[in-house]
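The following exchange examines how descriptive terms are assigned to a protein model. Each answer sets a computed value against the criterion behind the term.

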Amino acid sequence: MPKPIRVETDLIPSGLYGAADDWTGLTITRQLARPLFVEGPGRTLMPGLLHQAQRLDDKRWGFALRPGARWSDGPPIRALDIARHITAVAKQAGPFAWLVSLIEQIRPIGPDRLRLTTRHPVGNLPALLANPVFGPRHSDPAITSGAYTLADAPPGELRLRATGPGPDVTYVLSSDAQHGQRLFDRGAVDITCPTTFPVPQWARRADYPDLQVDDLDIAVALLPPSGMAAERKRAVAAALDRRELSRRLHGAISPLDSLTGLWDPGRPVPPALASRDLFPAAERTPIRLVFPDFSPNRETAHVLAEQIGDRTGLTLRPEAIDYRAYLTQLPTTYREDFRLVLMASPWPDPVSLLLPFTRRPAAQPPGGPTSAFKDLVHHALAADDLDDRLARCAQAEQALNATGEVCVFGRLRSAARLRVKNYVSPPSGWADLSVCEPPQD
């Protein structure tokens with residue numbers, strides 16, 4: 001048997017599969033549930049559990065299962081299993097349930113074929129369905145469709161048992177980024193958490209030959225207080241110097257000025273602008289800037305507070321909040337605070353980052369109907385060509401940016417220290433640990 005791989009994690013997730021509401025839960029779900037499609041080179045999609053996809057007309061798609069697909073205990077996976085699971089995900093309140101809200105009907109056509117009808121034309125439905133949360137789940141949690149099953153583990157660990165020739169995996173909980181590095185240095189883990197490499201150590205990357213750095217399709221954004229006037233929200237966004245922030249974080253975040261900038265690296269980054277006249281001194285009451293307490297958010301929040309203070313006169317007070325509160329209370333408890341957020345793309349398609357905003361009242365451009373932004377996003381959804389989708393997404397972003405509701409300023413980069421071979425971190429972050437080779441003694 002291969003030696004087990006030990007992976008550092010900053011969080012033992014509270015839920016998996018459709019109940020996963022954090023990035024760690026989804027990365028583990030990726031090991032337990034075989035994705036319907038798999039990310040390939042150059043943002044392509046390769047067959048996963050689904051072997052074929054055929055667009056029948058504007059709203060109807062046909063899918064065929066991969067031949068020989070089986071549950072971990074041996075019986076074949078059926079089209080009905082996938083249909084039931086996607087229907088269940090659509091009814092859940094998880095972070096990606098909105099993806100399947102696009103589906104009007106899903107029904108099996110025999111044991112190994114599915115037909116999906118969408119509510120709006122979708123040019124690349126496989127890309128939107130490729131999130132690991134849609135990999136089918138068995139009624140028995142001990143049975144999976146992926147490369148691993150769950151095994152018993154002591155507190156502070158999560159263990160996966162390989163269903164094939166790959167190595168077993170143990171997730172080991174760290175208390176913070178520095179602790180994760182100490183675990184690696186003393187050989188307690190073979191892979192460090194890719195999003196918690198300490199920011200000060202980014203300045204000394206050359207000292208870590210075991211470090212692998214990759215771009216992630218995770219936009220880093222600032223949400224202003226809900227009650228702030230749109231003109232002031234836009235002024236705060238214009239006050240950010242994205243290049244300076246990236247330099248001060250030693251490249252842990254690369255500068256962006258747009259959600260679609262994730263797929264258009266040559267897009268120009270605008271200079272920062274001062275606008276103190278919009279914020280009279282008498283109205284500059286200190287405002288919290290809340291952020292989830294893991295690297296590099298603390299350092300990012302302090303640089304943002306400094307930049308906004310210098311160019312607007314506002315006083316922002318960075319404050320760490322519990323990750324569970326970050327997931328559940330931003331629209332309520334913290335709605336009148338500045339909020340630092342990470343916005344993950346479920347798969348490499350620009351529309352997927354815009355879709356959630358079609359379900360928010362804040363997506364209504366000033367002076368325009370509520371449907372304006374939604375219509376632009378639905379036109380982007382319907383586009384078959386990636387360049388066409390990018391162009392239409394840019395138009396939709398202009399409408400969204402007019403509200404000032406979201407200011408995208410960077411792209412998160414991963415940095416994992418490795419003792420294993422064949423570790424690949426695609427931009428989505430859904431690494432497949434079953435292909436890794438464990439370290440040799």
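The questions below concern a predicted model and take up its sheet, helices, aromatic pairs and backbone geometry.

Q: What makes the sheet of β4, β5, β7 and β6 an open one, and which strands are its edges?
A: Its 4 strands follow the order β4-β5-β7-β6 with antiparallel pairing, and they form an open sheet. The edge strands are β4 (50–55) and β6 (103–108), each of which pairs on one side only. On average, neighbouring strands of this sheet are turned by 20° against each other, direction ignored.

Q: How do you know that β4 and β5 pair?
A: Two strands pair if at least two bridges are found between them. Strand β5 (residues 60–65) and β4 share 5 bridges in the antiparallel sense, so the criterion of at least two is met. Gln52 stands opposite Ala64 in β5, and Arg55 has Trp61 in β5 as its bridge partner. The two strands form a hairpin with 4 residues between them.

Q: Which helix packs on this sheet, and what angle does its direction make with that of β6?
A: Helix α2 (residues 79–91) packs on the sheet and touches β4, β5, β6 and β7 (113–118). The direction of α2 makes about 155° with that of β6.

Q: How do you know what span to expect of helix α13?
A: The expected span is 1.5 Å times one less than the number of residues. Helix α13 (residues 386–401) has 16 residues, for which 22 Å is expected, and the helix reaches 22 Å from its first C-alpha to its last. At the N-terminal end of α13, Asp385 acts as a cap, with a side-chain oxygen 3.0 Å from the backbone nitrogen of Asp387. The buried residues of α13 are Arg389, Leu390, Cys393, Ala394, Ala396, Glu397, Ala399 and Leu400.

Q: Which residues of helix α7 are buried, and what covers them?
A: In α7 (residues 230–238), the buried residues are Lys233, Ala235, Val236 and Ala237. Their cover includes β11 (211–223), α8 (242–248), α9 (297–312), β15 (338–344) and β16 (407–417).

Q: Why is Ser246 called buried?
A: The relative accessible area of Ser246 is 12%, and buried means under 20%; Ser246 is therefore buried. Ser246 has its place in helix α8. Leaving aside neighbours within four places in sequence, Ser246 is in contact with Gly251, Ile253, Ser254 and Pro255.

Q: Why is the pair of Phe197 and Tyr208 called edge-to-face?
A: A search of the whole structure finds 6 aromatic pairs. The ring centres of Phe197 and Tyr208 lie 5.5 Å apart and their planes stand at 90°. Centres must lie within 6.5 Å for a pair, and planes over 60 degrees apart count as edge-to-face, so this pair is edge-to-face. Phe197 lies in the loop between α5 (177–185) and α6 (199–202), and Tyr208 in the loop between α6 and β11, so the pair ties together parts that are 11 residues apart in sequence. Phe197, at 2% relative accessible area, is buried, and Tyr208, at 13%, also counts as buried.

Q: Why does the pair of Phe294 and Tyr323 count as edge-to-face?
A: The centres of these two rings are 5.6 Å apart and the planes stand at 70°, so the pair is edge-to-face. Phe294 lies in the loop between β13 (287–292) and α9, and Tyr323 in helix α10 (residues 323–329); the pair therefore ties together parts that are 29 residues apart in sequence. Both Phe294 and Tyr323 are buried.

Q: Which peptide bond is cis, and what is its omega?
A: The bond that joins Ser295 and Pro296 is cis, with omega about 0°. Pro296 is found in the loop between β13 and α9.

Q: What makes the phi of His250 and of Asn422 worth noting?
A: Most residues other than glycine have a negative phi. His250 is not a glycine, yet its phi is positive at about 60°; Asn422, also a residue other than glycine, has a positive phi near 70°. His250 is in the loop between α8 and β12 (253–255), while Asn422 lies in the segment after β16.

Q: Why are His250 and Asn422 called partly exposed?
A: Partly exposed lies between the limits of 20% and 50%. His250 has a relative accessible area of 33% and is therefore partly exposed. Asn422 is at 41% relative accessibility, so Asn422 counts as partly exposed.

Technical notes. Residues numbered from 1 in each chain as written. Predicted model: local features only at pLDDT ≥ 70, side-chain atom pairs only at ≥ 80, totals over all residues. Heavy atoms only, no water. Buried < 20%, exposed > 50% of the residue type's maximum accessible area, 1.4 Å probe, protein only. Contact = heavy atoms within 4.5 Å. Polar contact = N/O pair within 3.5 Å; in protein donor to acceptor, adjacent residues only side chain to side chain. Axes fitted to C-alpha atoms, helices over the stretch in contact; angles between N-to-C directions. Phe/Tyr/Trp six-rings, centres within 6.5 Å; stacked < 30°, edge-to-face > 60°.
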